[in-house]
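Please open the model in your viewer and keep the sequence panel beside it. The stops below each begin with a selection and then say what can be found there.

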Amino acid sequence: MKSTVAMTVNGEARKVEVPPMKRLLDVLREDFHLTGAKEGCGEGECGACAVLVDGELVNSCLVPILQANGTRICTIEGVSTEGRLHPIQQCFLGEGGAQCGICTPGMILATHHLLEKHPNPTLEQIQEGLAGNLCRCTGYMRIFEAVQKAVEAQHAI
Amino acid sequence: MAEDRDILGASPFRKEGRAKVLGEAKYIDDLSLPGMWHGATVRSSIARGSIRTVHFSSEIDWSQYAIVRASDIPGENTIVHLTKDHPCLAADRVNHPEEPILLLAHPEKSALLAGVAGVRVEYDELPGVFTIEESEKAVEDNDTTRIIWEGSAHGGTANCFKQYVLHSGGAKEAEDGLAAAFESADFIVEGEYHTGAQEQLYIEPNGVIAECKKDGSGRVISVCVQGSMQCPYYVVHALTLIFDLPEEKCRVIQTETGGAFGGKEDFPSVIGSHAALLAMKSGHPVKMVYDRAEDMAATTKRHPSRTRHRTAVSKDGKLLGCEIEIALDGGAYATLSPVVLSRATIHAPGPYKWPYVRVRAKAMATNLPPHGAFRGFGAPQSLFSLERHMDKVARAVGIAPEELRRRNFLGTGDRTATGQLLAEPVDMQHLMDRALAESNYYEKVERFAVENKRSAVKRGMGIASFMHGSGFTGSGERRLNSRVDVELLPDGRPQILVSSTEFGQGTNTILCQVAAQTLRIPYDQVAIAQVDTSVVPNSGPTVASRTAMVVGKLVERVCAQMVERLHADANLTGRYEPEEFTAAALRYLQRHGSMRCSVRYEPVRPVEWDDELFHGDAYPAYGWAVYVAEVAVDLNTYSASVTRFDAVQEVGKIMHPVLAKGQVEGGVAQGIGYALYEKCVWKNGRMMNNQMTNYIMPTSADLPEIQVHFEEVPSVHGPGGAKGIGELPMDGPGPAILNAIHNATGVSFDSIPLLPEDIFERLTSFTEPSHGGTEDLDPTREGEFLPEVNA
């Protein structure tokens, strides 16, 4: 049994006919070929599959596609504009916030979400805001610096 | 060369960084080939036994699946590492839970779950051994029913993969010296220490895609495996045996790799061989990507360990001699255990001057999945025990822990326990000074001692001092005989060709920095080739803190060769601007069509090493460090947390400050996890918590401020004076944290991981530890740990 599901992905209206319980992560990766969201654990622990659904940070491995019907979805592919890095991406690059890179898409979207909620986050708010996104490489310190730099960069605009 | 043009020591953007932050970097699961099938593994449900029968459910149409059994392997049924004891697929017996027995492939990934469930294996079970002690007991009792590993032509004895004895000086001299030292010692301090298994927990699980070409008669003529890995040439070697093919017919390509930490050193040979066999059988490319549960249950982890120390010390705190016994749990097959054990052995005496040393070490077989490489590679285990023990020795003598260390540090011109002369400057005293100052150690120790009396949260400070050898052990680098090439691309840009892989640590970036510095051109103009064994030479595996120092030095030399050739044959002038380099490169290409320079490893200084006696130059160079942990132990919840961490190290010249800091911070975070969070729960050889939900690694909310401090002392062994850095930070956090917990609570904990339940049990049981030495602590006498604040 398949259902037709419609949503806006990175500003573009998309329709897909898939089993209603297919995971949003698999629809993004397999049907839309947006492979920036990664599967790290498949149980909502690691945040490597995180995307924004109607502005909320969501682990796409836990979302049946039917639930995404009519939503606005933003993946890492929708963060930059015409190849120009978003300030958050620029700061992750400059501060060493990305090492192996597998958590990076989710981490950048989590940062995006954090800065929407707290434009001037304290270190504690950064730590809490990113606690659902696991990184095994950095020990998070470079990521905190990247987020703090991104805050400065956004104020400079 | 002008200072402002130095790229070594600057922090350019990582080479593949832009693709990573854009989400454009392609990892193996992001790739797909036309006609590709998916593969899965049928695994052993028991720890040990013989396979009686394999049933295939009649409810499944098996004609839709490709099925590979051990008997389908065209060559040898082995995953080769140091011996051939490890089968690629179990043929008639299994030796650990999750051992692969059959492989399945199907065009639809979703069909594999039913396929795996549709295969039922019946066994005649045999008794297993699940701990070092059970394995030892079987040998002592000569219990042949529990001898699970027989020994091999390449060494090892019943249930024991490898044994080493390290004596300082000659064996007789050391034994006589030890006898006299223990006779004359003012104190003899004994201790026993344990460390648990640790999962690498790279966020990208193991995965590969394999292709296979056959001739008209169906014989395999070549295979190609691409995927997430550290050591492509290890996979080539494994494939040559499995398929009975020459090296050039086994092509291996590394794709972007989402973390490794040693967990993708030996294991890709397994999953790579499996996928290639399925490609052979199905006639299609086959992708195998483990899900998290399978990756955690079936792949390698850090070796659990037990280490016993017996130390002779004088009343003024001079170390007189040590006897150290190390036992590692190697799991069911030898894999890399002998070399992990070797690094554990050499690091066991630590950064101290010991007049006499004896280290006895062994790696025992158990019916657990084989343990393997993990950042630190044996050193974190032996340094945990040593550095916990040094605190106990200090207590026994009655001097401060930092003072005991200061009185015994190795320095420039001293010899290590293996007899290696420390020819390059070593200043542990200064590292200690700096670590104590940066962490505000004395002020805090004093303040916490006062505050702890009035608080249920006990705070404390702990130190660990240690070193980590860069590069392969002893004659290993000479045997590897690594090769590095550099070529000119058609547009005149140089491209580095190495088998050294990027998996987050910064290989691509630092090697391009070395090339840019040597060629005197901008960093952006240097390219580095994707690691494809049909293109790049074998520059050795990407392990052992060897890439920056050993491979980096080769890149420096091969680039110097390129400059010379451009001087000689393309009119490149002595001093030149980057544009002149490009012009000369293009001239050279016009004349000769192409340019490829090549160098092989040569030791910077002669290396003398005796593999049998464990004597001589164990490593070309060492990183040196003093780490300080500040902890809080909450006696309401019994949880311990690290509240600040200071990491002071000397790792030669820093090539890239941002990457170097990232390496240390990431290593410290893994070390904190090793000490306080990450526990593998075993039942009859099977990991019971093989999920991220119940195997807990530190999150951003769990970690303290990690302060990283470098002392830069250039080494002759690496490019621009650099040494290895990757593994060192894994060694120090465990002991520093448990020393701090001892300082905070007055209670000595000697095992990691140390979880709240372990602290609870110890602090509420009032029983003395079952082992320990002359300084055995009586918790009731030590006092101070009761939550008086509630009174």
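In which sense do strand β2 (residues 49-56) of chain B and strand β4 (residues 93-94) of chain B pair, and over how many bridges? The two strands pair in the antiparallel sense, over 2 bridges, where pairing requires that DSSP finds at least two bridges between the strands, and where strands (E, at least two residues) and helices (H or I, at least four) are DSSP runs numbered from the N terminus.

Before going further, note that this is a predicted model, in which local features need pLDDT of at least 70 and side-chain atom pairs count only at pLDDT 80 or more, while totals for chains, interfaces and linings use all residues. Residues are numbered from 1 along each chain as its sequence is written, and chains are lettered from A and ligands numbered from 1 in the order in which they are written.

**Stop 1: the strands around β2 of chain B**

Select B:Gly49 together with B:Val94, and you will have residues that stand opposite each other, the latter in β4(B). Then add strand β6 (residues 119-125) of chain B, which pairs with β2(B) in the antiparallel sense over 7 bridges. On that side, B:His55 stands opposite B:Arg120 of β6(B). While the strands are on screen, it may help to recall that in a regular strand the side chains alternate between the two faces of the sheet.

**Stop 2: B:Leu89**

Next select B:Leu89, which lies in the loop between β3 (66-68) and β4 of chain B. Is B:Leu89 buried or exposed? B:Leu89 is buried, because 24 other C-beta atoms lie within 10 Å; a residue counts as buried at 20 or more such atoms, as exposed at 12 or fewer, and as partly exposed in between, with C-beta atoms placed from the backbone. Leaving aside neighbours within four places in sequence, the residues in contact with B:Leu89 are B:Arg69, B:Ala70, B:Ile73, B:Asn77, B:Pro100 and B:Ile101, contact being defined as C-beta atoms, placed from the backbone, within 7 Å. For a sense of scale, draw a distance from B:Leu89 to B:Pro729: the residues are 640 apart along the chain, and their C-alpha atoms are separated by 36 Å.

**Stop 3: the whole of chain B**

Now show chain B as a whole, with its 21 helices and 28 strands. Its C-alpha atoms fill a box of roughly 80 × 75 × 55 Å along the principal axes. The radius of gyration is 27 Å, which agrees with the value near 28 Å for a compact globule of 791 residues; the radius is taken over C-alpha atoms, and the globule rule is 2.2 Å times the number of residues to the power 0.38. Of the 791 residues, 57% count as buried, and among contacts between residues at least 6 apart in sequence, 80% join residues at least 24 apart.

Colour chain B by its assigned domains: domain 1 (3-26 + 482-600), domain 2 (31-126 + 206-289) and domain 3 (305-472 + 615-790), bounds that come from an automatic or database domain assignment. The C-alpha centres of domain 2 and domain 3 of chain B lie 38 Å apart, and the contact takes 17 residues from domain 2 and 19 residues from domain 3.

**Stop 4: where chain B meets chain A**

Bring chain A into view and select the contact, which takes 39 residues from chain B and 42 residues from chain A. On the chain B side, α1 (17-22) and α17 (657-676) each supply at least two residues, and α17(B) gives the most, with 7 residues. That side divides into 18 nonpolar, 12 polar and 9 charged residues, where Ala, Val, Leu, Ile, Met, Phe, Trp, Tyr, Cys and Pro count as nonpolar, Asp, Glu, Lys and Arg as charged, and the others, Gly among them, as polar.

**Stop 5: chain A**

Finally, isolate chain A, whose secondary structure comes to 5 helices and 5 strands, following the pattern β-β-α-β-β-β-α-α-α-α along the sequence. Its C-alpha trace spans about 50 × 30 × 25 Å along the principal axes, and 55% of its 157 residues count as buried. Colour domain 1 (3-78) and domain 2 (87-156) of chain A separately; their C-alpha centres lie 21 Å apart. Here 14 residues of domain 1 are in contact with 13 residues of domain 2, and strand β3 (residues 50-53) of chain A gives the most to the domain 1 side, with 3 residues. By class, that side has 9 nonpolar, 4 polar and 1 charged residues.

Note on methods
Contact = placed C-beta atoms within 7 Å.
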